[in-house]
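Biologist: Could you take me through the aromatic rings in this one, and then the empty spaces around them? I'd like one connected walk rather than a list.

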Amino acid sequence: MIFSPIDLSGAFAIEPERLQDERGFFARSWCQEEFRLRGLNPRLVQCNISFNRRRGTLRGMHYQEAPHQEAKLVRCTKGAIYDAIINLRRESATYGQWRGLELTDENRLMIYVPEGFAHGFQTLCDDTEVFYQMSVLYHPESARGIRWDDPAFGISWPIAPPIISERDSQFDAFDL
């Protein structure tokens, strides 16, 4: 696995290191020891799939408050997404900053989202599937969200207008 730091403290783009031959390739998509050695949360307790029928579907920006903050490893297994993260850790030098990456079934990139970050994505094509690995169980009482178009962050989503849920459209602006 090839870990490339994203310029938000603690976040990484991760590329499977492919062992190729005439049949195709083999690659690891998860290794607890590789994560532990880099100081990343190696705990996995839940995996989720998000299937999205239409191009332009936007999900996010979601996070869980302490004591149920979660680390996520996110991968697009079918189609393509623009994946965005926001650093919400007030003590961090990159607090309030966001970054985005394109994750596709072809590039097979993953993004490691540390605890204390908000996460969301927008689909770039129809029938897109996203696979999440989570470090903690979902706790509805700790679930929070930030408006996808919050001017405090100014995320540049690739497709306008987005297709969003009623829930995601009701999030408040974040108080930086």
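Modeller: Here is a walk through the aromatic pairs first, then the cavity and the pocket. Keep in mind that this is a predicted model.

Searching the whole structure turns up 7 aromatic pairs. One of them joins F3 and F12: the ring centres are 6.1 Å apart and the planes meet at 80°, which is over the 60 degrees needed, so we call this pair edge-to-face. Both partners are tucked away. F3 has a relative accessible area of 12%, so F3 is buried, and F12, with 14% relative accessibility, counts as buried too.

Then there's Y82 with W157, also edge-to-face, with 6.1 Å centre to centre and 80° between the planes. What I like here is that the pair links distant parts of the chain: Y82 belongs to strand β8 (residues 80–87), while W157 is in the loop between β13 (143–145) and α2, 75 residues apart. Y82 has 17% relative accessibility, and since the cut-off for buried is under 20%, Y82 makes it in. W157 is buried as well, at 13% relative accessibility.

Back to F3 and F12, which aren't on their own: together with W30, F35 and Y112 they form one aromatic cluster. Elsewhere a ring has a charge for company, with the charged end of R18 sitting over the ring of F25, 4.8 Å from its centre.

Now the cavity. The structure has 1 cavity of 30 Å³ or more, and about 40 Å³ of space lies inside. Some of the cluster turns up again in its lining, which consists of W30, F35, N41, R43, L44, A71, K72, L73, Y112 and S135. By type, that lining splits into 6 nonpolar, 2 polar and 2 charged residues.

K72 leads us on to the largest pocket, since K72 is among the residues nearest the pocket's centre, along with H62, Y132, Y138 and R167. The volume of this pocket is about 410 Å³, and 22 residues line it. Four elements each give two or more residues to the lining: β5 (46–52), β6 (58–64), β12 (128–134) and α2 (166–169). Of these, β6 contributes the most, with 5 residues. The pocket lining is a mix of 9 nonpolar, 8 polar and 5 charged residues.

So if you want a place to start turning the model, try K72: this residue lines the largest cavity and also lies among those nearest the centre of the largest pocket.

Definitions and conventions
Residues are numbered from 1 along each chain as its sequence is written. This is a predicted model: local features need pLDDT of at least 70, side-chain atom pairs count only at pLDDT 80 or more; totals for chains, interfaces and linings use all residues. Side-chain values use heavy atoms; hydrogens and water are left out. On a 1 Å grid over the protein atoms alone, a cavity is a set of points where a 1.4 Å probe fits but cannot get out, and a pocket is an open set with protein on both sides within 12 Å along at least five of seven lines; lining residues have an atom within 4 Å of a point. Grid points are joined across faces, edges and corners, and a volume is the space filled by probe spheres set on the points. Ala, Val, Leu, Ile, Met, Phe, Trp, Tyr, Cys and Pro count as nonpolar, Asp, Glu, Lys and Arg as charged, and the others, Gly among them, as polar. Rings of Phe, Tyr and Trp (its six-membered ring) pair if their centres lie within 6.5 Å; planes under 30 degrees apart count as stacked, over 60 as edge-to-face and the rest as tilted. Buried means under 20% relative accessible area, exposed over 50%, partly exposed in between (1.4 Å probe, protein chains only). A charge sits over a ring if NZ of Lys or CZ of Arg is within 6 Å of the ring centre and within 35 degrees of the ring normal.
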